[in-house]
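Thanks for sharing this one with me. Here are my notes, written as a short tour; keep the structure open beside you as you read.

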Amino acid sequence: MSLIDRSFREKIILVGMTIPPEREADTEAHLDELALLVDTAGADEVARVIQRRDHPDPATYVGRGKAEELRELSLAVDSDTVVFDDELTPAQSRNLEKILGRTAIDRTAVILDIFAQNARTQEGKAQVELAQLQYRLPRLRGRGTALSQQGGGIGTRGPGETQLEVDRRRLVRRMTKLEGELRRLTDQRRLQRKGRRRGRLANVSLVGYTNAGKSTLLNYLTDAGVLVEDRLFATLDPRTRRLALPGGESVLVSDTVGFVRKLPHQLVEAFRSTLEVVNESDLLVHVVDCTSPNPEGQIDAVRAVLEEIGADQVPELLAFNKVDVSREAKRLTERYPGSVAISAVTGEGIDDLLVAMGDRLRSTLRVIELVIPYGRGDVLAAVHREGEVLLESHADDSSRVQVRVDPAGAARFAEWTVDDPEPGEVVSP
């Protein structure tokens with residue numbers, strides 16, 4: 001269900017709008033990213049237009065006069081399609097196509113097309129198709145003047161309108177079927193995560209802007225063999241691998257789909273089940289491409305999506321990637337205290353990242369104090385096995401142990417708990 005014909009390289013005109021107080025430089029940056037999206041989808045930019053307006057025109061987005069200018073430009077450069085950086089309403093899209101005499105689509109359509117190209121698994125394909133159908137449904141239109149449309153009174157409903165309703169019902173039935181398939185796949189994924197949680201391993205998710213290097217980092221850390229390509233949205237399906245940290249503890253690390261500015265709401269909704277792994281994480285490693293012209297803007301865009309899916313409260317560790325080809329890493333780590341600079345290709349800074357991951361995860365655990373009788377050596381052994389013993393002292397008839405454990409461990413050893421310091425606090429014996 002491609003939205004862009006990839007049998008040849010289409011010629012594309014990009015259109016952006018600067019609405020105060022936004023700066024024109026920001027609009028240019030957004031169009032630069034849109035150009036990368038268009039290239040990934042299989043087309044070439046031949047021209048770009050930026051318009052400054054107080055607000056979009058409700059009928060044509062850019063206004064009738066600018067639309068006429070776009071038509072003349074399209075004829076001059078022989079463009080096939082005009083792509084707008086913001087989402088168009090169905091009415092705006094129809095009106096623009098009438099004026100331009102060619103296809104008018106928006107950023108959402110381009111991103112959906114890229115996702116359709118890259119989906120590999122059954123779940124990924126179903127999620128993308130559902131998002132595309134949600135996007136297409138309000139944009140269905142009649143079959144033109146060849147078929148009659150609904151008239152003004154009873155008995156005047158023509159075959160054109162009937163066909164439109166048939167198309168709508170077909171789309172709705174398909175969407176309902178896809179939603180059922182996704183619910184079944186979501187239940188399977190939740191069972192898998194429940195099984196992993198029984199292993200009581202911490203969960204770490206790699207999040208970040210698309211093409212920031214998350215899959216490359218997962219491969220370096222775990223030899224996961226995940227597809228790595230220098231293009232946007234090369235990875236859509238999450239991968240989870242086990243990783244041993246320097247402190248001896250093991251964690252589960254998951255790669256996730258990359259984010260982008262103005263990520264279509266349909267995609268966020270369709271991929272919500274996949275993104276549940278982010279919500280349930282104990283730590284997010286936010287991978288940032290420090291070679292980007294605007295890494296701070298990418299950080300804000302990722303955090304906006306995290307907030308939308310309810311994962312903004314999960315602890316975050318910023319990892320500025322590609323330090324081997326950029327000098328910006330030092331400035332960025334100074335601006336964001338607690339962050340690390342790494343190269344997922346050469347391995348530079350990876351040791352610092354692993355240490356930081358361990359420290360962040362330990363800081364989220366509870367520190368409890370236990371008094372264990374000497375006759376319960378099995379309990380003492382379990383404490384050493386399941387937690388991080390910080391202090392241990394011995395009296396005449398018992399051992400006093402201060403240990404950092406997860407909530408499940410705290411509940412298990414509740415019988416011997418005598419004190420419950422604050423998270424991360426170490427109390428001297």
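1. Let's start with two aromatic residues: are Tyr 61 and Phe 84 buried or exposed? Both Tyr 61 and Phe 84 are buried. Please keep in mind throughout that this is a predicted model.

2. Why pick those two? The structure has 2 aromatic pairs, and one of them is formed by Tyr 61 and Phe 84. Their arrangement is edge-to-face, with 5.7 Å from centre to centre and 85° between the planes. The two residues come from distant parts of the chain, 23 residues apart: Tyr 61 sits in the loop between β2 (43-52) and α2 (64-77), while Phe 84 belongs to strand β3 (residues 81-84).

3. The other pair to look up is Phe 320 with Tyr 336. Here the ring centres are 5.8 Å apart and the planes meet at 45°, so this pair is tilted. This pair also links distant parts of the chain, since Phe 320 is in strand β9 and Tyr 336 is in the loop between α11 and β10, 16 residues apart. Phe 320 has 0% relative accessibility and therefore counts as buried. Tyr 336 has 15%, and because the cut-off for buried is under 20%, Tyr 336 counts as buried as well.

4. Now step back to the sheet. An open sheet is formed by 6 strands, in the order β6-β7-β5-β8-β9-β10, and its pairing is mixed. Which strands lie at the edges? They are β6 (239-244) and β10, each of which pairs on one side only.

5. Follow the sheet from β5 to β8. Strand β5 (residues 202-208) pairs with β8 in the parallel sense, over 5 bridges. To find one of these contacts on screen, look for Leu 206, whose bridge partner in β8 is Val 285.

6. Next comes strand β9 (residues 316-321), where 5 of the 6 residues are buried, so to speak mostly covered. Strand β8 (residues 283-289) runs parallel to β9, and the two pair over 6 bridges. Asp 289, for example, has Asn 321 in β9 as its bridge partner. Between these strands the chain passes through helix α10 (residues 295-308), making a right-handed β-α-β crossover.

7. What does β9 pair with on the way to the end of the sheet order? Strand β10 (residues 340-341) pairs with β9 in the parallel sense over 2 bridges. Ala 319 has Val 340 as its bridge partner in β10. From β9 to β10 the chain goes through helix α11 (residues 329-335), and this β-α-β crossover is right-handed.

8. Have a look inside, too. Rolling a probe the size of a water molecule over the atoms shows where empty space is left. How many cavities of 30 Å³ or more does the structure hold? There are 3. The second largest has a volume of about 50 Å³. Its lining includes Phe 115, Val 257, Gly 258, Phe 259 and Leu 275. By class, that lining has 8 nonpolar residues, 1 polar residue and no charged ones.

9. Finally, a residue with another setting: Arg 64, in helix α2. At 55% relative accessibility, Arg 64 counts as exposed. Arg 64 is 32 residues from Leu 96 in sequence, and their C-alpha atoms are 8.8 Å apart in space.

Notes
Residues are numbered from 1 along each chain as its sequence is written. This is a predicted model: local features need pLDDT of at least 70, side-chain atom pairs count only at pLDDT 80 or more; totals for chains, interfaces and linings use all residues. Side-chain values use heavy atoms; hydrogens and water are left out. Buried means under 20% relative accessible area, exposed over 50%, partly exposed in between (1.4 Å probe, protein chains only). Helices (H or I, at least four residues) and strands (E, at least two) are DSSP runs, numbered from the N terminus. Two strands pair if DSSP finds at least two bridges between them. A crossover is right-handed if, with the strands pointing away from the viewer, the path from the first strand over the helix to the second runs clockwise. On a 1 Å grid over the protein atoms alone, a cavity is a set of points where a 1.4 Å probe fits but cannot get out, and a pocket is an open set with protein on both sides within 12 Å along at least five of seven lines; lining residues have an atom within 4 Å of a point. Grid points are joined across faces, edges and corners, and a volume is the space filled by probe spheres set on the points. Ala, Val, Leu, Ile, Met, Phe, Trp, Tyr, Cys and Pro count as nonpolar, Asp, Glu, Lys and Arg as charged, and the others, Gly among them, as polar. Rings of Phe, Tyr and Trp (its six-membered ring) pair if their centres lie within 6.5 Å; planes under 30 degrees apart count as stacked, over 60 as edge-to-face and the rest as tilted.
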